[in-house]
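Student: I would like to work through this structure step by step, with you showing me how each answer is reached. Could we begin once I have it in front of me?

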Amino acid sequence: MGKDKLKRFYELNTFTNVLQPSLNEIKPAHKIKGKWNLEFKNDNPIVLELGCGKGEYTVGLAKLNPDVNFIGVDIKGARIWRGAKTTNDENIENVRFLRTKIDFIDHFFTKDEVSDIWLTFSDPQPKRPRKRLTSPLFIDRYKKILCPNGIIHLKTDSNLLYHYTLDEIKENNYKIIENSDNIYSELIPRASEKLKETLSIQTFYESLWLKENKTIKYIAFVV
Ligand SMILES: C[S@@+](CC[C@H](N)C(=O)[O-])C[C@H]1O[C@@H](n2cnc3c(N)ncnc32)[C@H](O)[C@@H]1O
């Protein structure tokens with residue numbers, strides 16, 4: 001492991017806005033489950049970004065919505081470090097990062113504890129459909145933690161993941177709130193100011209795909 005990465009891992013352990021539980025601590029459930037309001041010291045809604053990488057959406061949304069709490073979830077510590085460092089340096093109080101596998105998400109949140117879920121540029125997993133973050137396996141986990149009418153937001157460059165998710169929505173009669181196969185040419189020009197600001201946040205991966213002239217798709221839906 002490089003010197004910089006080691007330094008980041010060490011620093012990550014010192015950040016009070018990052019939770020990195022061991023497997024033992026999450027079975028059958030982590031002690032924070034159902035008690036995130038105590039961690040944030042308020043009863044504001046909680047929004048998750050799953051597979052947050054460097055946490056651009058988590059931090060960007062937190063700045064746009066100071067009365068909402070945001071939690072970025074990813075397994076990769078070196079990536080989470082970036083978002084956690086920014087959050088610390090800028091004293092952003094409504095953000096936390098959780099380093100864990102998304103597969104265990106219902107070990108950390110109880111029923112109705114989460115108001116929205118963002119899936120930003122998730123791996124399309126061409127050969128492993130069950131691992132897609134909009135597969136029935138993952139949607140069932142989200143159902144256990146989402147509030148009634150809680151919204152799942154998928155922002156992706158992947159045609160495969162976009163069409164797979166639309167098929168799942170259709171098959172299960174989920175409700176589509178918004179759907180665009182090209183947000184920059186089609187949705188953003190007609191969107192409200194708030195949605196425009198929200199969708200204009202760009203992640204590390206989005207910036208890579210935009211350089212390759214890929215179109216960015218967005219679906220907001222209720223399960
Ligand atoms: C393609 S990257 C996108 C990162 C970020 N959202 C962005 O747009 O820049 C996918 C991220 O999801 C994380 N990830 C994928 N599957 C995961 C899982 N099952 N549990 C935790 N993290 C996962 C990876 O570690 C990676 O950081």
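Student: Is strand β5 enclosed or left open by the rest of the structure, and how many of its seven residues are buried?

Tutor: This is a predicted model, and every count here is computed from it. A residue counts as buried if 20 or more other C-beta atoms lie within 10 Å of its own. In strand β5, which spans residues 114–120, that condition sorts the residues in such a way that the strand is largely enclosed by the rest of the structure, because the number buried is five of the seven.

Student: Which strands pair with β5, and in which sense do they run?

Tutor: On one hand, strand β2 (residues 46–50) is joined to β5 by four bridges, with the two running parallel, and within this pairing V47 stands opposite D116. On the other hand, strand β6 (residues 146–156) is linked to β5 over six bridges, and there T120 has K155 as its bridge partner. The strands asked for are therefore β2 and β6, and the sense is parallel.

Student: Through which helix does the chain cross from β5 to β6, and what is the handedness of that crossover?

Tutor: After leaving β5, the chain passes through a helix made of residues 136–143 before it enters β6, which gives a β-α-β crossover. The helix is α5, and the crossover is right-handed.

Student: How many residues of strand β3 are buried, and which of them point each way?

Tutor: Strand β3, residues 69–74, is mostly covered, with six of its six residues buried. In a regular strand the side chains alternate between the two faces of the sheet. In β3 one way is taken by N69, I71 and V73, and the other way by F70, G72 and D74.

Student: What joins β2 to β3, and through which helix does the chain cross between them?

Tutor: Five bridges join β2 to β3, and the two strands run parallel, with E49 having G72 as its bridge partner in β3. Between the two strands the chain makes a right-handed β-α-β crossover, and the helix it passes through, residues 56–64, is α3.

Student: Which residue of β4 stands opposite V73, and is that residue buried or exposed?

Tutor: β3 and β4 pair in the parallel sense over five bridges, and in this pairing V73 stands opposite L98. L98 lies in strand β4, residues 95–99, and its contacts beyond its close sequence neighbours are L19, I71, V73 and F108. Because L98 has 24 C-beta neighbours inside 10 Å, it counts as buried.

Student: In what order do the strands of the sheet lie, and why do two of them have a side without a neighbour?

Tutor: Eight strands form an open sheet with mixed pairing, in the order β1-β4-β3-β2-β5-β6-β8-β7. Each of the two strands at the edges has a single partner strand, so one side of each is left without a neighbour in the sheet, and these strands are β1 (18–19) and β7 (175–180).

Student: Which residues does L50 contact, leaving aside its neighbours within four places in sequence?

Tutor: L50 is among the residues with the most contacts inside the largest nonpolar core, which has 42 residues. With those sequence neighbours left aside, the contacts of L50 are V73, I102, I117, L119 and L133.

Student: How many residues surround the ligand, and which are the closest?

Tutor: By class, the shell around the ligand has six nonpolar, five polar and seven charged residues, and its largest share, three residues, comes from helix α9. In total 18 residues surround the ligand, and the closest are G51, G53, F121, T203 and Y205.

How values were computed. Residues numbered from 1 in each chain as written. Predicted model: local features only at pLDDT ≥ 70, side-chain atom pairs only at ≥ 80, totals over all residues. Near = placed C-beta within 6 Å. Nonpolar A, V, L, I, M, F, W, Y, C, P; charged D, E, K, R; others polar. Core = buried A, V, L, I, M, F, W, Y, C linked by C-beta atoms within 7 Å. Buried ≥ 20, exposed ≤ 12 C-beta atoms within 10 Å, placed from the backbone. Contact = placed C-beta atoms within 7 Å. Pairing = 2+ DSSP bridges. Right-handed = clockwise from strand over helix to strand, strands pointing away.
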